[in-house]
Amino acid sequence: MTSARPLRIAMWSGPRNISTAMMRSFSSRADCSVSDEPFYGCYLKATGADHPMAQDVIAAMDCDWHSVARTLSGPVPNGRPVWYQKHMPHHMAGPIAPDDLEGVVHAFLIRDPVRMAASYAAKRERVIPDDLGAAAQRAFFEREADRTGRAPPVVDASDVLRAPERTLSRLCSALGLEWDHAMLRWPAGRHTDDGVWAPHWYAKVEASTGFGKEEGPRPPLSAELSAVAEACRADYEALKHFTLK
């Protein structure tokens, strides 16, 4: 790291996008604390979205937008120098926007919307484009690029799975972090920082000890899911243009 100040990383991702595996990866660093979707409770309480375990999530979390934002800009848990914050851009449906978070470096994790739609549909009966967050993700990326005068770091899930060390070392470099090989492995099972929703969503990552194999052919989709994926296609492709090389 190049600064004595804590490095807060806000990673913006849609659901079903190896986002929890990425959180596992960063949590494997001895210098890094992690947080799992800290605005999820706020989002569910504000919108009434019919998500699995919604009431459990609301009961377990701080659901005050301003309070959560203050916490994320405050002391890093366990006094560590790095704080990896896993976020979903479509959760930002209240008075706090991603732009309002202070003292963070923003990065973006993307995935082919066909794969996201197929994976999401396995966990929730109905899927609409907003559930995948691609439009919200692109909108914030463009605002952040305009604000800083340069493209924030973008990584594609397919690149992480195909070449995890190469892709993550480039991400670390873009974030001002030294590469740490510990990011490639983690213990199986539940993580102490997982959200209360883990029993519904995290079975695959709980069984893992590292990133999975390279993705195979795209899964077939119903006409309805194909329309959802297609609605997200342009936003995904716009960010894919900026993936780290």
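Guide: Before we look around, one term: a residue counts as buried when its relative accessible area is under 20%. Keep in mind, too, that this is a predicted model.

Visitor: Is C172 buried or exposed?
Guide: The cut-off for buried is under 20% relative accessible area. C172 comes in at 0% relative accessibility, so it counts as buried.

Visitor: How many disulfides does a search of the whole structure find?
Guide: Take C172 as an example: the nearest cysteine sulfur belongs to C32 and is 9.3 Å away. A disulfide needs the two sulfur atoms within 2.5 Å, so C172 is in none. For the whole structure, the search comes back with a count of zero.

Visitor: Which helix gives the most to the largest nonpolar core?
Guide: That core has 73 residues, and the members touching the most others are I18, M22, F26, F39, Y84 and F211. One helix, covering residues 223-240, puts seven residues into it, and that top contributor is helix 12.

Visitor: Which residues does M22 touch, leaving out those up to four places away in sequence?
Guide: M22 is one of the core members that touch the most others. Two of its partners, Y84 and F211, are on that list as well. The full set for M22 is M11, Y84, L109, V155, V160, L168, L171 and F211.

Visitor: How far apart are the end C-alpha atoms of helix 12?
Guide: Helix 12 has 18 residues, and at 1.5 Å a residue it should span 26 Å. The model agrees with that expectation, because the distance between the end C-alpha atoms is 24 Å.

Visitor: Where is the kink in helix 12 centred?
Guide: The helix bends by about 40 degrees. Its buried residues include C232, R233 and D235, and among the elements covering the buried residues are strand 4, helix 5 and helix 7. The kink is centred on one of those buried residues, R233.

Visitor: What is the angle between the planes of W12 and F140?
Guide: A search of the whole structure turns up nine aromatic pairs, this one among them. It joins strand 1 to helix 7, with W12 and F140 sitting 128 residues apart in the chain. W12 has a relative accessible area of 0%, so it is buried, and F140 is buried too because its value is 1%. The ring centres are 5.6 Å apart, and this edge-to-face pair has a plane angle of 70 degrees.

Visitor: What is the distance centre to centre between W186 and F211?
Guide: These two are buried and sit in loops, 25 residues apart: W186 between helix 9 and helix 10, F211 between helix 11 and helix 12. Their planes are at 90 degrees, which is over 60 and therefore edge-to-face. The centre-to-centre distance is 5.1 Å.

Visitor: Is I18 buried or exposed?
Guide: I18 lies in the loop between strand 1 and helix 1, and it has a positive phi near 50 degrees without being a glycine. Its relative accessible area is 17%, which is under 20%, so I18 is buried.

Visitor: What is the relative accessible area of E37?
Guide: E37 is another non-glycine residue with a positive phi, about 45 degrees. You'll find E37 in the loop between strand 2 and helix 2. E37 is buried, because its relative accessible area is 8%.

Notes: Residues are numbered from 1 along each chain as its sequence is written. This is a predicted model: local features need pLDDT of at least 70, side-chain atom pairs count only at pLDDT 80 or more; totals for chains, interfaces and linings use all residues. Side-chain values use heavy atoms; hydrogens and water are left out. A nonpolar core is a set of buried Ala, Val, Leu, Ile, Met, Phe, Trp, Tyr and Cys residues joined through side-chain atoms within 4.5 Å. Buried means under 20% relative accessible area, exposed over 50%, partly exposed in between (1.4 Å probe, protein chains only). Helices (H or I, at least four residues) and strands (E, at least two) are DSSP runs, numbered from the N terminus. Contact means heavy atoms within 4.5 Å. The expected span of a helix is 1.5 Å times one less than its number of residues. The bend at a residue is the angle between axes fitted to the seven residues ending there and the seven starting there. Rings of Phe, Tyr and Trp (its six-membered ring) pair if their centres lie within 6.5 Å; planes under 30 degrees apart count as stacked, over 60 as edge-to-face and the rest as tilted.
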